[in-house]
Amino acid sequence: MRENTGFTVILPTLNEEKNIGELIAEILRLYPGAKVIVADDGSRDATVKIARKGGARVLDRKNAEVKGITASVLDALDKLDTGYFIVMDSDFQHPPEKIGEILAELRKGNDLVVGWRERVPNWGLHRRIISIGAELLGKKRLFLFGNPVPRDIMSGFFGGRTEFVRESVRKNPKRFVGKGYKVLFDLVKGMKRGEVKISGVPYVFRLRERGTSKISMKHILFYLESVLK
Ligand SMILES: Nc1nc2c(ncn2[C@@H]2O[C@H](COP(=O)(O)OP(=O)(O)O)[C@@H](O)[C@H]2O)c(=O)[nH]1
Ligand SMILES: [Mg+2]
């Protein structure tokens with residue numbers, strides 16, 4: 001049987017009514033054959049309605065036991081039916097034009113393709129220090145445990161070969177912090193260096209123009225929990 005080379009874009013959402021409609025339209029304009037799953041954690045705005053109208057399949061997770069970006073992405077991964085998938089934010093901080101490059105890398109035979117941020121916005125000193133510290137800590141952990149160490153372990157923009165990633169999740173259920181937001185990091189913790197084909201695609205991390213960030217200090221604690229898991 002020919003491998004299914006179709007792909008699904010997974011979009012975790014929480015109150016993204018200002019972005020989601022336009023983002024889905026842009027994805028479908030650039031990649032008419034794409035499937036889109038919106039994994040929504042109980043938005044109180046019109047996100048779900050707009051997503052459905054735009055042609056996405058919506059996982060309405062308002063009653064989910066564990067809410068969070070990681071839990072949402074795993075839920076979508078479990079339910080999609082394409083050979084490949086791409087995870088990205090729903091606020092245009094990840095450029096949809098780069099989906100094609102990630103996909104091309106997957107189709108070359110890579111199991112995981114990480115979108116790495118070649119430039120980040122002009123964050124304040126505070127956020128920069130936290131970000132650099134968190135990255136060093138996470139990379140050290142991956143290295144010591146024999147995991148692959150991709151260039152940008154904190155990226156929320158990546159793609160995978162569905163079968164491979166599902167299997168990796170199945171074998172390592174305890175590595176995940178569902179409430180957390182670094183799902184890529186959790187995934188990589190379940191992989192062995194040398195046994196996974198990983199490549200990367202650079203992208204410019206844009207500033208959020210509409211809607212607000214939901215990330216708070218508590219997510220740093222979820223990340224630290226994840227480093228120890
Ligand atoms: N399903 C789900 N999505 C979330 C949650 N928190 C944030 N998101 C979405 O995840 C993406 C990244 O979140 P954002 O708040 O922009 O984080 P930031 O880019 O680090 O500031 C966006 O698409 C959000 O709508 C959550 O708890 N559940
Ligand atoms: Mg964002």
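This passage describes the nonpolar core, the surroundings of ligand 1 and the packing of selected residues in a predicted model. Residues are numbered from 1 along each chain as its sequence is written, while chains are lettered from A and ligands numbered from 1 in the order in which they are written. Because the model is predicted, local features need pLDDT of at least 70 and side-chain atom pairs count only at pLDDT 80 or more, whereas totals for chains, interfaces and linings use all residues.

The largest nonpolar core (a set of buried Ala, Val, Leu, Ile, Met, Phe, Trp, Tyr and Cys residues joined through C-beta atoms within 7 Å) comprises 55 residues, and those with the most contacts inside it are Val9, Ile10, Val36, Ile37, Val73, Ile86 and Val87. Helix 3 (residues 69-79) contributes the most to this core, with six residues; helices (H or I, at least four residues) and strands (E, at least two) are DSSP runs numbered from the N terminus. Apart from residues up to four places away in sequence, Val87 is in contact (C-beta atoms, placed from the backbone, within 7 Å) with Ile10, Val73, Gly156, Phe157, Phe158 and Val183.

Around ligand 1 there are 18 residues, of which Pro12, Asp41, Ser72, Ser90 and Ser213 come nearest, a residue being near if its C-beta atom, placed from the backbone, lies within 6 Å. Strand 1 (7-13), strand 2 (35-40) and helix 3 each give two or more residues to this shell.

In helix 6 (residues 162-171), Thr162, Val165 and Ser168 are buried, that is, 20 or more other C-beta atoms lie within 10 Å of their own, the C-beta atoms being placed from the backbone, whereas 12 or fewer would make a residue exposed and values in between partly exposed. Seen down the helix axis, the buried residues of helix 6 fall within an arc of 135 degrees and so line one face of the helix, the arc being that of the directions from the axis to the C-beta atoms. On the other side of helix 6, Arg170 and Lys171 are exposed. The elements covering the buried residues of helix 6 include helix 3, strand 4 (84-87), strand 5 (112-119), strand 6 (158-161) and helix 7.

Lys189 lies in helix 7 (residues 183-189) and counts as buried because it has 22 C-beta neighbours inside 10 Å. Beyond its neighbours within four places in sequence, Lys189 contacts Leu142, Phe145, Asn147, Asn172 and Arg175. Leu80, in the loop between helix 3 and strand 4, is likewise buried, with 21 C-beta neighbours inside 10 Å, and touches Thr8, Ile37, Phe85 and Thr162, not counting residues up to four places away in sequence.

Notes:
Contact = placed C-beta atoms within 7 Å.
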